[in-house]
Amino acid sequence: QVQLVESGGGLVQPGGSLRLSCAASGSIFRIFTMGWYRQAPGKQRDLVARITNGGSTNYADSVKGRFTISRDNAKNTVYLQMNSLKPEDTAVYYCNADVGNLVGARNNYWGQGTQVTVSS
């Protein structure tokens, strides 16, 4: 089993910045793609950004130029640096990871979510 633990959410004013972290632990041989998704009240969960184990990234159009995803493979951790935050970025942010274990199984995992609120 694999656990994803997020941190770094909170309340920030428009134009401000936050950095989210997500650390994976448990039965991990290799972590493939890691990503961040978000879900606002009454809306579906959408991709924000993701990064492969080789470092390739892709972003939702709404966050391009403002958010940066990165990862530390040695720490099994993915980060999301969020700058120039807007009220419409308010949501619960979820970490996601595609993980392979020692016996060759590959599964997808979600974190518990961290609230990000952008408001003055």
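**Strand pairing, disulfide and salt bridges in a predicted model**

Arg50 stands opposite Asn58 in strand β6. The structure is a predicted model, in which local features require pLDDT of at least 70 and side-chain atom pairs count only at pLDDT 80 or more, while totals for chains, interfaces and linings use all residues. Residues are numbered from 1 along each chain as its sequence is written, and side-chain values use heavy atoms, with hydrogens and water left out.

The pair Arg50 and Asn58 belongs to the contact between β5 and β6 (residues 57–59), which is antiparallel and comprises 3 bridges. Strands are DSSP runs (E, at least two residues), numbered from the N terminus, and two strands are taken as paired if DSSP finds at least two bridges between them. The hairpin of β5 and β6 has 5 residues between its strands, and Gly55 there takes a positive phi near 100 degrees. On the other hairpin involving β5, strand β4 (residues 30–39) is joined to β5 (residues 46–51) by 5 bridges, again in the antiparallel sense. Met34 stands opposite Ile51 of β5. The β4–β5 hairpin has 6 residues between the strands, and Gly42 in the turn has a positive phi of about 80 degrees.

An open sheet of 4 strands, with antiparallel pairing, has the order β1-β3-β8-β7. Strands β1 (2–7) and β7 (67–72) stand at the edges with a single partner strand each, so one side of each is left without a neighbour in the sheet. The twist averages 15 degrees from one strand to the next, where axes are lines fitted to C-alpha atoms and angles run from 0 to 180 degrees between N-to-C directions. Within this sheet, β7 pairs with β8 (residues 77–82) over 6 antiparallel bridges; Thr68 stands opposite Gln81 of β8.

A search of the whole structure finds 1 disulfide, defined as a pair of cysteine sulfur atoms within 2.5 Å. The disulfide joins Cys22 to Cys95, with an S to S distance of 2.1 Å, and the link is left-handed, with -80 degrees about the S-S bond. Cys22 lies in β3 (residues 18–26) and Cys95 in β9 (residues 91–100), so the pair ties together parts that are 73 residues apart in sequence. Cys22 is buried at a relative accessible area of 0%, and Cys95 is likewise buried at 0% (buried, under 20% relative accessible area; exposed, over 50%; partly exposed in between; 1.4 Å probe, protein chains only).

The structure holds 4 salt bridges, each a side-chain nitrogen of Lys or Arg within 4 Å of a carboxyl oxygen of Asp or Glu. One of them joins Asp89 and Arg38 (2.9 Å, N to O). This pair links distant parts of the chain, with Asp89 in the loop between β8 and β9 and Arg38 in β4, 51 residues apart. Asp89 also forms a salt bridge with Arg66, the closest N and O atoms being 2.8 Å apart. Arg66 lies in the loop between β6 and β7 and Asp89 in the loop between β8 and β9, so this pair ties together parts that are 23 residues apart in sequence. Arg38, Arg66 and Asp89 are thus linked in a network of salt bridges. Asp89 and Arg38 are buried, as is Arg66. By contrast, Lys64 and Asp61, which meet in a salt bridge at 3.1 Å (N to O), are both exposed.
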